[in-house]
Amino acid sequence: MAAPSSTPSARNRTLVVVESPSKAKTINKYLGDKYTVFASVGHIKDLPKKEIGLDFDRHYEPRYEIIAGKEKVVRQIKKLASEADEILIATDPDREGEAIAWHIANEIGPVKKPVSRVLFNEITNNAIRAAIQEPRQIDYRLVRSQQTRQGLDKIVGYKISPFLWNVVLRGLSAGRVQSVALRLICEREAEINNFQVREYWTIAGDFQAPSGEPFRTKLVLLGGEKPEIGNQAEAEAIAAQIGTCRFSVADIVPRIQQRRPPVAFTTSLLQQAASNQLGFGSKKTMSLAQQLYEGIDLGPEGATGLITYMRTDSTRIGNEAAAHAREFIGKEFGKDYIGHGGSSRQGKNAQDAHEAIRPTSVARRPELVARFLSNDQFRLYELIWKRFVASMMAPAKIEQTRVDVGEPSSKFLFRATGSRVLFPGFMRVYDDQRELDYEAQSSTKEDVEKEQNVQLPEKLAVRDPLKLENIDSRQSFTRPPARYSEASLVKDLDNYGIGRPSTYASIFSTLQERRYVELEKKKIIPTELGKDVSLILVANFPDLFNVGFTAYMENELDKVATGEDEYEKVLDSFYKPLETALSLRKNDPLIPQNSETETCDKCGKGKMIIKWTASGKFLGCSCYPKCKNIKALSSSKAKPTDTGVLCPACGEGHMLLRKGRLGPFLACSNYPKCNTLLNLNKQRHIEPMKTPPVQTDIACPKCGAPLYLRSGKRGLWLGCSKFPKCRGRLAWGTLEEKVQTHWETVMEKHRSEHPEVTLRMTDGKPVPMNISVDDIIHRAEESGLVSSPVSEGSEITA
């Protein structure tokens, strides 16, 4: 086997460079002593962090530098390359991986050894050995495509962000794709706010067949047209007329429907299904998928990759994998269940560079590997495995029967639809019809509602008289468009051609980190800051931050990858219009929020315009600093919500969900008597209470105040007790060994005096820490622990 990573050697061996240490470990197992596998741990070079890094006078040529902290890795790669007989670069099989390979090749270029590129689409013995036999040269077109994307993103970041600093608030940032995603979210929110609710009524009829069997129908035609019943009076009048009629079976229409199996997962479909079915965010899904791809230790079998490469826009299945799947299905379910899956049904933007996401071995059933996986890894692997097997199975056969119920005048027509499965086909494995209906929907504005199937009487014939048992009139209201979830946002981005498999996961998380959006009850809601930023960007740069132009630029990036377009030409097509727009708007920005202003009531000259600070916005005179008149804006601040969680400090108050300047948090209802706070993480899970720090007699190296000793993920650490006024720290490793031992003993005693607190609901049950606070509130409401939102009390700043 290859030498340990701490002191690697590649003498008389082939050097294989990959990105991930876990992938290196798995590959090492398969290749043996003739190879040394070394991990670069991602990129080794990048554009400068604190400058744009593009030479605008020399065709936008990028200037790269070694990433801080990667100097040792680069030295190790050069040393190993100088020792090796041959170098194979096996970074991820996508544009990002190609760019990393190019940087590595440039760094080891002077050693004058043969350098080749190999692609591992799956981390299995056969796949790795086959890939080693098919080395190729680094594809500079793919590298150039990645450089183009990075260049575009840098231009937006370094040209638009300063514009936002001047107009709104310093520290804000804009992104080429993220800003368009934010626009979609904000426009959807505006549609919801402007939606006019309309009342309507539906009428159902409960009939009894001659056999005595009951079944429910719905009024579908009124006077030959679709019923439009606007109020209760109309509904009651129609119901009264229906009650006087005699009904019989007007028509029975049976038909056999073939329900096609779903395609295997693309990155987009996997993220959507994992969100809808498992409740996973896109970032979590991709992190788990990466682990399954790079290899899981399967005990005696060792580290093995369980799925193929997880960043793909293809639904294609390779011939060998398809053959194995058909053989498996035939043995497990019978020949009738073998389908014709494996053909590629691609979207219009698909590049088809890789296969769909599938298990590396269909024989490796989820239950066989469950003991080696975490719960979340198992759930995702099971989803991928079932979807792949289903995609290779035969269609399901469903008999759908429509029964129409009428009366002699033909004024009222009721309808019921029933169905029964004649042949389950793929549904034996994957029967989430709601998910398949969601995927078939072209619009994300409506939540999927499955049509209710009725249990029809077994014996029913045309002209059979029916007894009307009951008329059910129900009031309903039209609903506004549905807010985006992570799944539906990814779906729209994919449908519009915005972003690519490698970018979907980061789009939402970036918007969330910038505090432009929040996730509540698994729905994405733009913050006030997010709405303001989007409105200003769209007003000033309407041609750049729109769906059509962004999708066009994505296609141009794809053309660079295939050699149909050029790096400089694509950057020109974006940068030149941006420069023109910036020159027009830099000194005269459009601020839609200030389109209707009032004259200052103090100086009588200036206008009262909206201004932004880190804690919110207010009205201020445009003649500032000559006139310092300011006014508060009317606030529609949400009332705090009772979570049903008992305060862990006072044991009397309830923890209320509030919104602060830095986002949502929980605070005790007994404030100011009790000032207990609990933080939420990005998934809106309640974070456990931290052990209070220990005050030491060690002086802060910055201000001289005592340092606090705390326990973190990486062990003990020392920070100033005057934080945040002073951010002084002292490295634990700089202390003498006897001093470390002393404070370790003190911390151990401190921990025993301050045991971990178990948060409890008001009924005494433990708080479920693995679900969001919104789900906790929902459960508390269902169990009667909380009622309506509490009234706004004292203000708390978090």
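**View 1. Helices α9 and α15 are oblique to each other.** In this predicted model, α9 and α15 pack at an angle of about 135°. Oblique is therefore the right word, since only angles over 145 degrees count as roughly antiparallel. The two axes lie 8 Å apart. The crossing is left-handed. On the α9 side, Ser282, Lys283 and Met286 make the contact. On the α15 side, Ala505, Ser509 and Glu513 do so.

**View 2. Helix α9 and its surroundings.** Helix α9 covers residues 282-294, a run of 13 residues. At 1.5 Å a residue, a helix of this length should span 18 Å. Its end C-alpha atoms are 18 Å apart, which agrees. The buried residues of α9 include Ser282 and Met286, both of which also touch α15. Thr285, Leu288, Ala289 and Gln290 are buried too. So are Leu292, Tyr293 and Glu294, towards the end of the helix. The buried residues pack against several helices: α1 (21-31), α8 (267-278), α12 (375-391), α14 (486-496) and α15 (504-513). They also pack against strand β12 (296-297). Just after the helix comes Gly295, with a positive phi of about 130°.

**View 3. Helices α8 and α14 pack together.** Both are among the elements that the buried residues of α9 pack against. The angle between α8 and α14 is about 160°, and their axes are 8 Å apart. The two helices are therefore roughly antiparallel. They cross in a left-handed sense. Helix α8 contributes Ser268, Gln271, Gln272, Ser275 and Asn276 to the contact. Helix α14 contributes Glu486, Ala487, Val490, Lys491 and Asp494.

**View 4. An open sheet of four strands.** The strand order is β2-β1-β7-β8, and the pairing is parallel. Strands β2 (35-39) and β8 (115-117) stand at the edges. Each has a single partner strand, so one side of each is left without a neighbour in the sheet. Neighbouring strands are turned by 25° against each other on average, direction ignored. Strand β7 (residues 86-89) pairs with β8 over three bridges. Leu88 stands opposite Ser116 of β8. Helix α2 (residues 71-83) lies across β1 (14-18), β2 and β7. Its direction is at about 165° to β2.

**View 5. Strand β10 between two pairing partners.** Strand β9 (residues 199-208) and strand β10 (residues 214-222) run antiparallel, joined by five bridges. Within this pair, Gly205 stands opposite Thr217. The two strands form a hairpin, with five residues between them. Gly212 sits in the turn and has a positive phi of about 95°. Strand β10 also pairs with β15 (residues 412-423), again in the antiparallel sense. Four bridges link β10 and β15. Here Lys218 has Arg415 of β15 as its bridge partner.

**View 6. A close look at Gln740 in helix α19.** Helix α19 covers residues 737-753. Gln740 has a relative accessible area of 17%. That is under the 20% cut-off, so Gln740 counts as buried. Leaving aside neighbours within four places in sequence, Gln740 is in contact with Trp732, Gly733 and Leu735.

How values were computed: Residues are numbered from 1 along each chain as its sequence is written. This is a predicted model: local features need pLDDT of at least 70, side-chain atom pairs count only at pLDDT 80 or more; totals for chains, interfaces and linings use all residues. Side-chain values use heavy atoms; hydrogens and water are left out. The expected span of a helix is 1.5 Å times one less than its number of residues. Buried means under 20% relative accessible area, exposed over 50%, partly exposed in between (1.4 Å probe, protein chains only). Contact means heavy atoms within 4.5 Å. Two strands pair if DSSP finds at least two bridges between them. Axes are lines fitted to C-alpha atoms, for helices over the stretch in contact, and angles run from 0 to 180 degrees between N-to-C directions. Angles under 35 degrees count as roughly parallel, over 145 as roughly antiparallel, 65 to 115 as roughly perpendicular and the rest as oblique. A crossing is left-handed if the near helix is turned anticlockwise from the far one by less than a right angle, and right-handed if clockwise.
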